[in-house]
Amino acid sequence: MFADYSWPELGAIFAMQGFAGLILFSVFVLMALGLAIIFGQMGVINMAHGEFMILGAYVTYLVSNLFADYMPALFSGYFFLAMVLAFLASGALGLLVEWGMIRHLYKRPLDTLLATWGLSLILQQIYRSVFGAREVGVSIPDWMMGSLPITDLIEVPINGIFVMILAVSISLGVYALMFKSNWGRQVRAINQNRVMAGAVGINTEWTDRLTFGIGCGVAGVAGSAFTMIGSTGPTAGQLYIVDTFLVVVFGGAASLLGTLASAFSISQAQSIMEFFLSGSMAKVLTLLVVVGILMIRPQGLFAMKLRK
Amino acid sequence: MSERFILSVESLEVSFDGFKAVNDLSFYVEPNECRVIIGPNGAGKTTVLDLICGRTKATSGSVKFKDKELLSMREDQIVHAGVGRKFQTPSVYEDLTVSENLELSYPKGHGVFGALMFQRDDPVKARINEIAETIFLDDQLDEKAAFLSHGQKQWLEIGMLLIQDPELLMLDEPVAGMSVAERKKTAELLNRIIQDRSVIVIEHDMGFVADIATRVTVMHQGQTLSEGSMERVQNDPKVIEVYLGH
Amino acid sequence: MTLSSFMSRKDLIGFAILAAVIFLILPSILDSFRLNLFGKYLTYAFVAVGLALCWGAGGILSLGQGVFFGLGGYCMAMFLKLEASTPENTSIQSTPGIPDFMDWNQLTELPVWWQPFYSLTFAMFAVVAVPVVFAFIIGFAMFTRRVGGVYFAIITQAFAAILTILIIGQQGYTGGVNGITDLRTLLGWDIRTDEAKTTLYFVNGALLFVVLFIAQYVRKSKLGRLLIAMRDQEDRVRFSGYNVANFKIFIFCLGAAFAGIGGAMFTLQVGFMSPTLVGIVPSIEMVIFCAVGGRLSILGAVYGALLVNWAKTTFSEAFPELWLLGLGGLFIAVVMFFPNGLAGVWSEKIEPRLLAMLGKPKTHDAKAGATSPAGAPAE
């Protein structure tokens, strides 16, 4: 397997697979961040998370078409507006879902799992009816196309770099929110002692709602990013949901840093293996290793705090 | 040393995120003794019981029960070794009847196949009835535990322990929340069951303590403050300061 | 246990009604085509009953029952495929005597691990053993480390994904995404005829009742009561002297065994086995069969499997879009409004009114675990 390539070639392969892995990493990060906020901080399992992401992707698609039809001059900038709208759309849907369904199920995580699965089926069907069963492609502005040659053998796709920058900035943003803002403090307070948090005047209802909304909003932005590496269809959200959950669990759900580390290792492992094994075996092996490690160390590989 | 004591706690320590709830604690319980642990709230009394029965993992130290090191055993193994623990808030199986609660605690059929094959035959029924009488619940055998009064639930939990016939019984505030009449009955009950075993009790009601204690250990901030007979401890200036000074 | 503790009069009536429905009513009102469909639904009921024990009584939600269903199904499919791939039947292949999909994938001989499946005894043994061994490994790793609840559910889901990808990726050995098809005879008996399918319907029904009796025994034994105690107060049970992990492993393996049998019967009834029955989506559908029927009731689970699948076939033909919306809505409705399923609605709403109308006093039933407010069951 490895013997077919010379050393510089192997290096280049690892590097390019590494970059491909970095793009995968970025998507994982964006999806996992939203999920980690919701699951890690609130203990809620949202099996419809992928569908919130796809909503963002569809919004991006709509915005790109809008600009292409009515404001072609501004087309190169549409993406930033699309991301903002994606955040708002998914976030708003998240607020609605929290109000209508999630808040009744807080003490019952397994039931939340099932109910949100039902929601995902409904959303998939709605997407199918509104946007059609076929996948839609999103046109990328010119400046995002093509690749940057770094060395003779290594080329990095520009949209990949963009997605990575996005992932990093959103991670920083979420980190700042969680640990520096008032809201973040309230969420952590509720997480540690809901009753007391309520007693000191924190509006637990609205904090929960906002948290869920923000988690879904981040998923919406992930959906925007996703349009650059995959095509958008009603069932595309299902593609990554298991991976995303594993990333969150593997990273030790309560830790944002753990989530990042976990997303990185899993995406890199899969990407590098993909080059040498068939796509499906690489996936199987990665999943098996992750699950295997989880079976031995259930708190996740990167759990920062070890209780009891 | 080990034959003299049924329970040897040595240098027991547990810390939660840096806070030492139990700090280098040592005490020794003799067979057939009734040791009462008293102390202000937050002294670590319940934590000590948690550590002994395996509910919480100790950071260091040793707990030897009849020469067996309990700290390395699982909760159910500790129960089988002969240590029974009653919790502060009554934890009975609310959805099951009194007799089903007792039956679950019956010391037979604890493995998977034992549980599958378990028959409620005459010896089992007899023992359940016997225990039910001891704990004043012989008329409530078919009553769901959820419908018992607070005091009755405490008795049921004591019954669930008794039926296991432990050599060391640990009770955490057994009369908390009970009426005066119930307390009297409970004191009676405890005096009876103490006869054949060693008991550790955590309590606040000093009258009750004086009634049943062989020796008293006073805990404060995770350590032993004073130890001895009730009188000795009551007159110990350190104890007085801790209870009245703060 | 005594006969009366094994089955109360109420249970007996329930079993009798189900028997009447399966063995008398359905066969008399359905044509052979639809009876065959119900035979298929019955195979799903095996999984649902297993979940009623594992999840309803034990509180262990497995989103990967498709794995066990599939493993059992594939074991049976392998036996049947080998029987159908005699050198005479496969004479046009480049390598006669091996299954067609192996030939298409340029395999020239039967892989070693397929060999034992020439024997029906081995295959039948494998149908139960393979899922149970898997369940044991997963259960042991997770339950001894006290991993449960949501984490456990996600990991079972991951296994469903892993097995599906593996099966699809290894086309040459497993038939890939199409599965193992074109099964013909079981020891010479043609399973494709209408008569055969009708016979299989009754065999399924009978086998289901065997499984139901086992489940009933488990429920009524001390182990059954323990499961419920563990579901609601796991820590307390440890202090009553029980190694909780062992019990969880046992019930998880039992659920896997039931699912494996169901899978094998599915292969016989329908005539093929494919990865579409193994993955995440079918696994979570199996959970909804149990949830709709009533996770606390083994009979309810059977009705749930029959009903939901009947609805699925009926609606997805006529109104495919509506079906997915309906299924999604069903998940949400069951969880939020009737968590104990139809069986719960029956025992909490309909039965008391029925008894009141008939003038009989309400039975003060120590119903295993069914807390009365239909909105707050334990996980």
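Is F212(A) buried or exposed? Select F212(A): this residue is buried, with a relative accessible area of 0%. Buried means under 20% relative accessible area, exposed over 50%, and partly exposed in between, with a 1.4 Å probe and protein chains only.

Before moving on, note that this is a predicted model, where local features need pLDDT of at least 70, side-chain atom pairs count only at pLDDT 80 or more, and totals for chains, interfaces and linings use all residues. Residues are numbered from 1 along each chain as its sequence is written, chains are lettered from A and ligands numbered from 1 in the order in which they are written, and side-chain values use heavy atoms, with hydrogens and water left out.

**Stop 1: aromatic pairs**

Over all chains, the structure holds 34 aromatic pairs. Add F52(A) to the selection: F52(A) and F212(A) form an edge-to-face pair, 6.4 Å centre to centre, with 85° between the planes. F52(A) lies in α2 (residues 49-70) of chain A and F212(A) in α8 (residues 204-226) of chain A, so the pair ties together parts 160 residues apart in sequence. F52(A) counts as buried, at 0% relative accessibility. Rings of Phe, Tyr and Trp (its six-membered ring) pair if their centres lie within 6.5 Å; planes under 30 degrees apart count as stacked, over 60 as edge-to-face and the rest as tilted. Helices are DSSP runs (H or I, at least four residues), as are strands (E, at least two), numbered from the N terminus.

Now go to chain C and pick F23(C) and F209(C). Their ring centres are 5.7 Å apart and their planes at 40°, so this pair is tilted. F23(C) sits in α2 (residues 9-29) of chain C and F209(C) in α9 (residues 194-220) of chain C, 186 residues apart. F23(C) counts as partly exposed at 26% relative accessibility, whereas F209(C) counts as buried at 9%. Widen the selection to F6(C), F15(C), Y201(C), F202(C) and F213(C): with F23(C) and F209(C) they form one aromatic cluster.

**Stop 2: charges over rings**

Show K185(B) and F136(B). The charged end of K185(B) sits over the ring of F136(B), 4.7 Å from its centre. Then take K222(C) and F118(B): here the charged end of K222(C) sits over the F118(B) ring, 4.2 Å from its centre. The test is NZ of Lys or CZ of Arg within 6 Å of the ring centre and within 35 degrees of the ring normal.

**Stop 3: two helices**

Select residues 158-180 of chain A. This is α5, with 23 residues, reaching 32 Å from its first C-alpha to its last, close to the 33 Å expected at 1.5 Å a residue. The expected span is 1.5 Å times one less than the number of residues. Buried residues of α5(A) include F162(A), M164(A), I170(A) and M178(A).

Next, take residues 150-162 of chain B. Helix α6 there has 13 residues and reaches 19 Å, close to the 18 Å expected. Of the 13 residues of α6(B), 12 are buried, so this helix is largely enclosed by the rest of the structure. Among them are K153(B), W155(B) and E157(B).

**Stop 4: M230(C)**

Find M230(C) in α10 (residues 222-232) of chain C. M230(C) is buried, with a relative accessible area of 3%. Measure to L12(C) in the viewer: the two are 218 residues apart in sequence and 27 Å apart in space, C-alpha to C-alpha.
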